[in-house]
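Colleague: Could you take a close look at one charged side chain in this model and follow its surroundings from there?

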Amino acid sequence: MVTNLTAVNADTVSQVCLIVKVNVPANVPLNAVYNYQLNADIDFSNTTVTNQVSDVDTIKVSFSQAGELEIEKTVKNITQNDIESRSNQARPDDVLEYTIYFTNNGGGDIDTIKLFDSVPEFTELTETVSCTAPAISLPASIVSCNVLTADGTNDAGYDGGIEWQLGGILAPAERGYVTYRVTVK
């Protein structure tokens, strides 16, 4: 516990900003947690009124050089030969292609990647979700791909959740994508 007994004067216009600095030794284990409480006593001049404010906070130890997965989803109306974007217009029987891009923007490897999506409302799969090109593009360090469909069989007409399980390592700055196609009902 560190206590600083220095009084700070403030009036109705001034603001007081308190900064808590916590130094973490290099040998602290990953996911260690440190809780601290900051207490401040407020004495009002020309009165006997006092007040205490308190702030409790938690610091969790992470590590530098961690991977950071960025995900972006786009859609393209194949039937109308539209451009790929974040939204589109579609009519019944149009085929839409959804692409999920993933990039490691961190400084370290990512060794377990699971991507989740679901077939949008008022659509159904046009074809089986595949783990082969051109439906996916993976860096060479991703050595396996498996597709799970929790709500039924991975086939044309499916409507439900989709999960891609990618095995291997996604190194910093590496990027890939998975796609699937749906038909508008």
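What is the relative accessible area of Lys73?

Modeller: Lys73 has a relative accessible area of 33%, so it counts as partly exposed (buried is under 20%, exposed over 50%, with a 1.4 Å probe on protein chains only). The model is predicted, so local features need pLDDT of at least 70 and side-chain atom pairs 80 or more, while totals for chains, interfaces and linings use all residues. Residues are numbered from 1 along each chain, and side-chain values use heavy atoms, without hydrogens or water.

The side chain of Lys73 meets that of Asp117 in a salt bridge, with a distance of 2.8 Å from N to O (a Lys or Arg side-chain nitrogen within 4 Å of an Asp or Glu carboxyl oxygen). Because Lys73 lies in strand E3 and Asp117 in strand E5, this pair ties together parts of the chain that are 44 residues apart in sequence (strands, E, are DSSP runs of at least two residues and helices, H or I, of at least four, numbered from the N terminus). The two partners fall into separate accessibility classes, for Asp117 is buried at 16%, whereas Lys73 is partly exposed.

Both ends of this salt bridge also lead to Tyr180, since Lys73 and Asp117 are among the residues in contact with Tyr180 once neighbours within four places in sequence are left aside (contact means heavy atoms within 4.5 Å). That set of contacts further includes Leu96, Glu97, Tyr98, Ser118, Pro120, Leu125, Val129, Ile162 and Trp164, and Tyr180 itself is buried, with a relative accessible area of 3%.

Two of those contacts, Tyr98 and Trp164, form one aromatic cluster together with Tyr180. Within the cluster, Trp164 and Tyr180 make a tilted aromatic pair, with 6.0 Å from centre to centre and 35 degrees between the planes (Phe, Tyr or six-membered Trp rings with centres within 6.5 Å; stacked under 30 degrees, edge-to-face over 60, otherwise tilted). This pair links distant parts of the chain, as Trp164 belongs to strand E9 and Tyr180 to strand E10, and the two are 16 residues apart. Trp164 is buried, at 0% relative accessibility, and the strand that carries it shows a similar setting, because seven of the ten residues of E9 are buried, so that E9 is largely enclosed by the rest of the structure. The structure as a whole holds four aromatic pairs.

For the wider setting of the Lys73 interaction, a search of the whole structure finds four salt bridges. One of them starts from strand E3 too: Glu72 pairs with Arg86, the closest N and O atoms being 3.3 Å apart. Since Glu72 lies in E3, residues 69–77, and Arg86 in the loop between E3 and E4, this bridge ties together parts that are 14 residues apart in sequence. Glu72 is partly exposed at 25%, while Arg86 is exposed at 67% relative accessibility.

Another salt bridge joins the side chains of Lys185 and Asp159, with 3.9 Å from N to O. Lys185 sits in the segment after E10 and Asp159 in the loop between E8 and E9, so this pair links distant parts of the chain, 26 residues apart. Lys185 is exposed, with a relative accessible area of 53%, and Asp159 is partly exposed at 42%.
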